[in-house]
Number of protein chains: 2
Amino acid sequence: MTKETQKISQKVIPRLSRYYRILFEYSGRDMISSKELSDITGYTAAQVRKDLAYFGQFGCPGRGYNTVDLKNSIRKILGLDRTWNVALIGVGNLGMALLGYKGFKEQGFEIVAAFDTDPGKVGSSINNVEVFQTEKMCRVMTQKKIDIAVLTVPREAAQGMAEEAIRCGAKAILNFAPINLKLPDSVKVRNIDMSIEIENLSFLISRQ
Amino acid sequence: MTKETQKISQKVIPRLSRYYRILFEYSGRDMISSKELSDITGYTAAQVRKDLAYFGQFGCPGRGYNTVDLKNSIRKILGLDRTWNVALIGVGNLGMALLGYKGFKEQGFEIVAAFDTDPGKVGSSINNVEVFQTEKMCRVMTQKKIDIAVLTVPREAAQGMAEEAIRCGAKAILNFAPINLKLPDSVKVRNIDMSIEIENLSFLISRQ
DNA sequence: TAGATTGTTAATCGATTAACAATC
DNA sequence: TAGATTGTTAATCGATTAACAATC
């Protein structure tokens, strides 16, 4: 199997994101070794090297990885060498918070439109992002060249809104609704399910 | 290895949470089979049976699982048969949104105190939750018998606030800060890292 | 009874780790 | 050069799936 067709495990990508962040803190340094990345992240050094080796030969035997080069390489791998246009669907508590979330913008994810069914919200602007009615989704999303939809609607509305977002051109969905979206395989979905995470904690505490 | 000492993979628990949710929708039904749970969740039927079998024999060969009994069993396993006292540390955009998040309360996670360093926020109440200064953390958390801390502070403050929360009696932390907290192994931690999730999507779209 | 479906064991699959030749 | 550290292969570990006897 060649490098090009080799399947990359989904598990590698979050680790790449972590290496990438660490490299920002270490950009004053010239080189960093897999051993150091191991100490910081808690992954083994072998795993660090293997993760990076999926994508090319970035290191220098005996010396480690050049921090600036590796950072730039990972940036390209993760697709962070460009801006992504993001639409927020559902301007409730959580959606509102995400409009002000700096972590997205810092990495090039720009929320350029928001949608809600509430007429009281439609037409307003939050953090310089205009709220449109959901009926206008396709027109607005096409015009603003949306790549990713962030879904922060109630559970009951999530499947429908997800389908609509895809129909209107979104290629990926970051889903905060506690539901398993059924969408074509070509659509990329990541779920953030806060209840499931906190339930994990209650499980762990309970059985101590 | 007996059932009692058998190590349960961390991966099983989020799946249990999903079965649990599905059982609410199916509580009108008498029985549900692993095949049906498989169809709904996308996990294999064998996995569903194995996940449940870690914790006991809940099924009935030839008939499936009694929906009400299984729901109650999973509730106990996940520690959802009681109320958990939660403290919110960091009342920014995201923290504010979580104070209004219904998904926690529905499962028995009650946010009973919030903390912030901003004097403009201290003393106010949001969604009937009082905001205290962080200096009062130990006094308030002891008095309110806090089990879990939800950490929504900026990255720079996260490690310090996490340590303080543990010192003040929290047994688990739900961490939204984009940082790998270094805490004793006895402390249970789950991380929700929204930037890492959206970066996963940009990676996937980029390489299509 | 015959059909359905469990719980569990064995087989498979995939991911992590160890080891080491290559090389800076 | 000697020491350090990579990239990669082989070994190990753990999780998932298949298969099926038990049983409702």
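Here are some friendly notes on how the two chains, their helices and one sheet are arranged.

1. **Ground rules.** This is a predicted model, in which local features need pLDDT of at least 70 and side-chain atom pairs count only at pLDDT 80 or more, while totals for chains, interfaces and linings use all residues. Residues are numbered from 1 along each chain as its sequence is written, chains are lettered from A and ligands numbered from 1 in the order in which they are written, and side-chain values use heavy atoms, with hydrogens and water left out.

2. **The two copies.** A turn of 180° with a shift of 0.0 Å along the axis lays chain A on chain B at an RMSD of 0.0 Å (least-squares superposition on C-alpha atoms of residues with pLDDT of at least 70 in both). The copies are thus related as by a two-fold rotation axis. In chain A, the residue that comes closest to this axis is A:A97, with its C-alpha at 3.1 Å. Because 100% of the interface residues of chain A are also interface residues in chain B, the copies meet through the same surface.

3. **The sheet in chain A.** Seven strands form an open sheet with mixed pairing, in the order β6-β7-β5-β4-β8-β9-β10 (strands are DSSP E runs of at least two residues, helices H or I runs of at least four, both numbered from the N terminus; strands pair if DSSP finds at least two bridges between them). At the edges stand β6 (125–126) and β10 (188–191), each with a single partner strand, so one side of each has no neighbour in the sheet.

4. **Inside that sheet.** Strands β4 (residues 84–89) and β8 (residues 148–151) of chain A pair in the parallel sense over four bridges. A:L88 has A:V150 of β8(A) as its bridge partner.

5. **Helices α1 and α4 of chain A.** Helix α1 (residues 12–25) packs on helix α4 (residues 67–77) at about 140°, with the axes 9 Å apart (axes are lines fitted to C-alpha atoms, for helices over the stretch in contact, and angles run from 0 to 180 degrees between N-to-C directions). The two are therefore oblique to each other (angles under 35 degrees count as roughly parallel, over 145 as roughly antiparallel, 65 to 115 as roughly perpendicular and the rest as oblique). Residues making the contact (heavy atoms within 4.5 Å) include A:L16 and A:F24 of α1(A) and A:L70 and A:I74 of α4(A).

6. **Helices α2 and α3 of chain B.** Helix α2 (residues 34–41) and helix α3 (residues 45–53) pack at about 110°, their axes 8 Å apart. That makes α2(B) roughly perpendicular to α3(B).
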